[in-house]
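Trainee: Please give me one close look at the aromatic rings, and carry on from there to the enclosed and open spaces. Spell out the cut-offs as you go.

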Amino acid sequence: MDSSRSLCCILLLVLFGISVQYQCSASGIDANETALLLVNASEASARKMPDTLFGIFFEEINHAGAGGLWAELISNRGFESGGHNFPSSIEPWSIIGDESSVIVSTELSSCFDRNKVALRVQVLCDSKGAKLCPDGGVGVYNPGFWGMNIEQGKRYKLVFYVRSQESINLSVGLTGSNGLKKLATVVVVAANVSNWTKVEVLLEAEGTDPNSRLELRSATKGVIWFDQVSLMPMDTYKGHGFRKDLFGMLKALKPAFIRFPGGCFVEGGWLRNAFRWKETIGPWEERPGHLGDVWNYWTDDGLGHFEFLQLAEDLDALPIWVFNNGISHNDQVDTFHVLPLVQEILDGLEFARGGSDSKWGSIRAAMGHPEPFDLRYVAIGNEDCDKTQYRGNYLKFYSAIKEAYPDIKIISNCDASAKALDHPADLYDFHIYDNASTVFSLANHFDDAPRNGPKAFISEYAVHGNDAGKGSLLAALAEAGFLIGVEKNSDAVEMASYAPLFANNNDWMWKADAIVFTSSQAYGTPSYWMQHLFKESNGATLLSSTLQANSSDSLIASAITWRNEIDDNEYLRIKVVNFGSSTVALKISISGLEQNSLQSFGATKTTLTSTNVMDENSFEDPKKVSPVETLVKQVSENMDVVLSPYSFTSFDLLRKSISIRTTTTASGLESSF
């Protein structure tokens with residue numbers, strides 16, 4: 001073989017190797033889609049986004065309140081869950097013993113005028129004599145909301161009211177689900193309880209069981225009446241009654257606002273079951289509770305008007321109060337008769353904002369909050385725009401509120417994104433629940449919305465139906481694309497919040513939700529983690545960006561600058577959703593930067609994706625679909641990046657460095673819980 005032929009063969013082998021290497025690399029990323037993202041970082045093209053852009057919405061649905069965010073462990077604590085029916089239902093209370101040893105019934109004999117039902121326990125056995133009680137006595141137990149999470153070493157405050165014509169000797173205890181495992185026991189002895197007597201007991205757990213129950217037992221023959229039985233952990237957030245882990249998951253989202261107490265929960269199926277704020281304040285024992293007939297379960301309203309305002313303050317979020325305007329799903333108050341309801345709402349505003357010397361402000365002060373709450377927004381009704389009395393009722397509320405509180409921003413139920421309102425409003429409500437492709441496509445919905453007049457409040461958005469599952473990656477990606485559209489239209493949209501927020505795993509009435517929990521566990525769905533990548537957008541600066549792609553229908557991107565309050569560094573964040581099944585080779589070109597302002601270190605890439613687009617998180621694998629953050633090693637004004645199929649990717653590029661930020665994962669994002 002001569003030298004020229006050898007050289008030729010070598011060159012052919014080299015070229016063949018390069019070709020194979022390129023093909024292997026290309027097939028490895030399957031980058032059959034390409035795109036160009038142009039970002040203009042100059043101040044001239046930038047626009048500040050609202051400080052209130054992203055928040056949260058709480059509704060009493062899926063048992064989100066009592067037994068969930070509200071840490072009350074007793075279900076049906078006042079024995080009132082039968083509502084207007086009598087005898088009342090005592091579920092989930094159950095009997096310890098049998099009919100030969102104990103008889104349990106309800107009576108309208110309580111000392112509380114607004115909740116008259118009390119529990120009558122007739123003990124037929126005794127600790128001595130012919131009819132002996134079984135070991136431990138007989139009585140009743142409450143399993144809480146599908147089990148109480150009792151933890152060793154922690155303390156729990158038990159409060160109950162009791163009455164008996166004889167002296168009492170009660171065994172009060174926390175046990176495992178079958179009553180055999182003793183976790184905490186206290187004996188309550190009293191000689192004179194012929195009148196209703198309040199008993200307070202501290203129980204310290206000597207063991208752990210997430211499926212515990214509370215027992216009230218007696219081995220003394222006689223009749224005992226019980227009412228208003230409450231069991232609360234002593235370690236709630238700031239002692240305000242909020243379950244710490246669930247509160248922490250909300251706090252981690254850094255919400256700018258919280259809308260409460262519902263949705264449909266506010267309306268009620270019928271007006272008699274609508275949320276009435278005056279029924280939810282004052283001592284918890286005196287609150288009558290009500291049937292949330294839309295979601296069909298009883299709530300004792302321990303999480304009431306005051307507690308919602310306190311929750312907003314604890315979250316450092318603006319409260320948005322949604323109130324009933326005389327309209328439910330099935331009946332309405334005629335506008336001619338709506339003024340008493342208007343006054344009720346004015347009283348509610350005075351409760352929140354009035355001085356401690358005002359009528360309703362003094363009640364707030366007596367509940368432990370002498371200073372007014374920062375209530376700036378109210379929504380008149382929920383999804384009522386098409387109801388015959390809505391406009392008439394709305395105008396009555398609007399005029400009265402503006403006269404008394406001209407600074408309060410009022411939200412109408414009527415959509416003004418395509419057609420101007422025929423009534424005054426500061427914001428208009430917009431709800432969207434649909435399949436994933438529709439939600440993703442609605443990123444452009446507000447492109448042509450009016451820039452003058454009332455702004456949009458997207459108070460409820462989520463993928464719903466088969467695409468959602470119990471919280472899928474597909475749903476989160478569609479919602480992320482929608483929110484990028486919200487960012488780009490933030491001159492027309494002032495607020496947005498996902499819904500629903502919580503679901504007790506034993507009571508899925510709506511799928512999917514942001515946070516799923518049991519008595520002892522909680523995890524965020526992919527939609528929850530998706531929202532983490534938007535929490536720095538409140539008050540951030542939106543940059544001009546243009547996406548050019550050969551398949552642009554499946555790609556959407558935005559760019560912002562934001563300041564990290566932890567390290568005080570300024571970052572340029574580029575978010576891109578790839579809603580398609582192909583890998584995309586994306587070229588990012590950034591212009592308008594000050595010279596040398598983009599640092600070559602400290603940049604990170606955060607990706608939300610998984611091996612299957614319908615993957616979900618679970619208690620067994622709570623972080624299966626969660627953000628993964630890595631360092632970006634090569635940073636420049638022209639960057640080539642690869643977007644995985646069905647992924648949400650966020651790039652944070654460091655500007656004007658002061659300190660270096662370390663990388664985190666989903667676990668790191670939870671560090672404040």
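**Aromatic rings and the spaces in the model**

Mentor: One aromatic cluster is formed by Phe-58, Phe-260, Phe-308, Phe-502 and Phe-517. The model is predicted, so to speak of local features a pLDDT of at least 70 is needed, side-chain atom pairs count only at pLDDT 80 or more, and totals for chains, interfaces and linings use all residues. Residues are numbered from 1 along each chain as its sequence is written, and side-chain values use heavy atoms, with hydrogens and water left out.

In total there are 32 aromatic pairs in the structure (rings of Phe, Tyr and Trp, the last by its six-membered ring, with centres within 6.5 Å; stacked under 30 degrees between planes, edge-to-face over 60, tilted otherwise). One of them joins Tyr-461 and Tyr-498: with ring centres 5.7 Å apart and planes at 80°, the pair is edge-to-face. Tyr-461 belongs to strand S22 (residues 455–463) and Tyr-498 to strand S23, so this pair ties together parts 37 residues apart in sequence (strands are DSSP runs of E, at least two residues; helices are runs of H or I, at least four; both are numbered from the N terminus). Both Tyr-461 and Tyr-498 are buried (under 20% relative accessible area, against over 50% for exposed and in between for partly exposed; 1.4 Å probe, protein chains only).

Strand S23 (493–498) also helps to line the largest cavity: S23 and strand S3 (54–57) each supply at least two lining residues. That cavity has a volume of about 100 Å³ (on a 1 Å grid over the protein atoms alone, a 1.4 Å probe fits but cannot get out; a pocket is an open set with protein on both sides within 12 Å along at least five of seven lines; lining residues have an atom within 4 Å of a point). Its lining has 15 residues, and Phe-54, Gly-55, Leu-253, Gln-531 and Phe-534 are the closest to its centre. By class, nine are nonpolar, four polar and two charged. The structure holds five cavities of 30 Å³ or more.

Among the open spaces, the second largest pocket has a volume of about 650 Å³. Of its 27 lining residues, Trp-70, Met-232, Gly-239, His-240 and Trp-284 lie nearest its centre. At least two residues of this lining come from each of strand S9 (155–163), strand S12 (197–204), strand S14 (222–233) and helix H4 (305–314).

Note on methods. Points joined across faces, edges and corners; volume = space filled by probe spheres on them. Nonpolar A, V, L, I, M, F, W, Y, C, P; charged D, E, K, R; others polar.
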